[in-house]
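Student: Hey, I've just opened this one and haven't found my bearings yet. Can we walk through it together?

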Amino acid sequence: EVAPGQAYTAMAYNGIIPGPEIRVTEGDQVRVNVTNEMAQSTAVHFHGVLLPNAMDGVPYITQPPIKPGETFVYEFTARNSGSHMYHSHHNAAEQVTSGLLGAFIIEPSDTSREPEVTADYVLVLNDSTLGFTINGRSFPYTQPIIAKLGDRIRVRYMNEGLMIHPMHLHGLPQLVITKDGWPLPVPYLCDTLNVAPGERYDVVVDCTEPGAWAFHCHILTHAETRNGMFGMVTALVIQE
């Protein structure tokens with residue numbers, strides 16, 4: 001149920017949408033066991049992660065599809081730090097938009113250049129089969145971000161959908177620090193950040209203005225009707 005009264009037949013990793021957030025550290029050895037309990041074949045691609053070719057998760061190019069009842073083991077070294085994703089790469093337009101997606105974050109082994117933040121949030125954007133969702137939910141079921149005045153937060157956008165989503169934060173600028181896991185040589189400020197399918201952006205927000213600030217996709221048909229807000233909407237609530 002993505003919003004009140006809106007329930008869909010979905011596909012999920014470990015029974016949740018998005019799938020479990022996987023966080024590892026640069027240099028870690030990673031093993032992911034994928035057992036297919038669905039009625040159709042699948043595969044898993046680790047999007048943005050530098051991998052051996054055999055672990056890239058693309059049926060008929062790097063591996064056969066994982067058929068119902070079968071298990072495939074992905075094994076690799078986490079080489080490139082940053083905000084990445086994992087998702088199906090088989091019948092993907094149906095499977096990913098139905099929920100076969102998740103965040104894959106590789107923390108850097110050297111954190112000296114990482115921004116100092118009080119909290120770190122992931123916003124997985126999706127559309128189509130389950131509607132317009134943030135982390136698998138549509139407003140008013142989306143989870144607000146709660147911060148205190150003076151906090152500095154990091155937000156990791158990940159677009160797993162089929163459409164672009166310009167993400168707009170009211171009242172506060174967003175400092176864009178990375179794209180697709182790679183640090184930007186010159187970070188920049190904006191209030192609306194266009195996130196295309198497959199893209200990931202990391203932003204830092206200084207919580208300098210108290211209040212409940214709307215936070216939404218600015219393609220308004222993804223976020224608002226004559227009856228109020230829906231879909232890709234949440235809020236940044238800054239408490240004094």
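Tutor: Sure. One thing up front: this is a predicted model. Let's start with Ala7, which sits in the segment before strand E1 (22–25).

Student: Is Ala7 buried or exposed?

Tutor: Ala7 is exposed, because its relative accessibility is 60% and the cut-off for exposed is over 50%.

Student: And how far apart are the C-alpha atoms of Ala7 and Thr208?

Tutor: They are separated by 38 Å, and the two residues are 201 residues apart along the chain.

Student: OK, new topic. Which strand holds His45?

Tutor: His45 belongs to strand E3, which covers residues 44–47. With a relative accessible area of 11%, His45 is buried, since buried means under 20%.

Student: What does His45 touch, leaving aside its neighbours within four places in sequence?

Tutor: It is in contact with Asp56, Gly57, Met85, Tyr86, His87 and His89. With Asp56 there's a detail to look at: a polar atom of the His45 side chain lies 2.8 Å from the backbone oxygen of Asp56.

Student: What about sheets? In what order do the strands of the six-stranded one run?

Tutor: The order is E8-E7-E10-E15-E12-E13, in an open sheet with mixed pairing. At the edges stand strand E8 (133–134) and strand E13 (182–190). Each of these has a single partner strand, so one side of each has no neighbour in the sheet.

Student: How does E13 pair with E12?

Tutor: Strand E12 (residues 174–179) and E13 are antiparallel, with five bridges between them. If you want a spot to click on, Leu175 is opposite Leu189 in E13.

Student: I also see a strand labelled E14. Which of its residues are on the covered face?

Tutor: Leu193 and Val195 are on the covered face of E14 (residues 192–195), while Thr192 and Asn194 are on the uncovered one. E14 pairs with strand E11 (residues 165–169) in the antiparallel sense, over four bridges. In that pairing, His168 stands opposite Thr192.

Student: Leu193 caught my eye. What does it contact, again leaving aside neighbours within four places in sequence?

Tutor: Quite a list: Tyr157, His165, Pro166, Met167, Gln174, Val176, Tyr188, Tyr201 and Val203.

Student: Which residues touch the most other members of the largest nonpolar core?

Tutor: Leu193 is one of them, along with Ile153, Tyr157 and Leu236, in a core of 25 residues. Several elements give two or more residues to this core, including strand E7 (119–126), strand E10 (152–159), E11, E14 and strand E19 (233–239). There is also a second, separate core of 21 residues, and Val32, Val44, Tyr74 and Tyr86 are among its members.

Student: Why would nonpolar side chains gather like that?

Tutor: As a general tendency, in soluble globular proteins nonpolar side chains tend to be buried together.

Student: Let's switch to aromatics. How many aromatic pairs are there?

Tutor: The count comes to nine aromatic pairs. One is Phe132 with Phe230, edge-to-face, at 6.5 Å centre to centre and 75° between the planes. That pair links distant parts of the chain: Phe132 is in the loop between E7 and E8, Phe230 is in the loop between strand E18 (228–229) and E19, and they are 98 residues apart.

Student: How accessible are those two, Phe132 and Phe230?

Tutor: Phe132 counts as buried at 19% relative accessibility, whereas Phe230 counts as partly exposed at 27%.

Student: Got another pair for me?

Tutor: Try Tyr157 and Phe215, also an edge-to-face pair, at 6.3 Å centre to centre with 80° between the planes. Tyr157 is in strand E10 and Phe215 in strand E16, 58 residues apart. Both residues are buried. For a bigger group of rings, Tyr13, Phe46, Phe72, Tyr74, Phe76, Tyr86 and Phe104 form one aromatic cluster.

Student: Last thing: how many disulfides are there?

Tutor: Zero. For Cys207, the nearest cysteine sulfur is that of Cys190, 15 Å away. Cys217 is in no disulfide either, with the sulfur of Cys190 nearest at 14 Å.

Student: Are Cys207 and Cys217 buried or exposed?

Tutor: Cys207 is buried at 1% relative accessibility, and Cys217 is buried at 0%.

Conventions
Residues numbered from 1 in each chain as written. Predicted model: local features only at pLDDT ≥ 70, side-chain atom pairs only at ≥ 80, totals over all residues. Heavy atoms only, no water. Buried < 20%, exposed > 50% of the residue type's maximum accessible area, 1.4 Å probe, protein only. Polar contact = N/O pair within 3.5 Å; in protein donor to acceptor, adjacent residues only side chain to side chain. Contact = heavy atoms within 4.5 Å. Disulfide = S-S within 2.5 Å. Pairing = 2+ DSSP bridges. Core = buried A, V, L, I, M, F, W, Y, C linked by side-chain atoms within 4.5 Å. Phe/Tyr/Trp six-rings, centres within 6.5 Å; stacked < 30°, edge-to-face > 60°.
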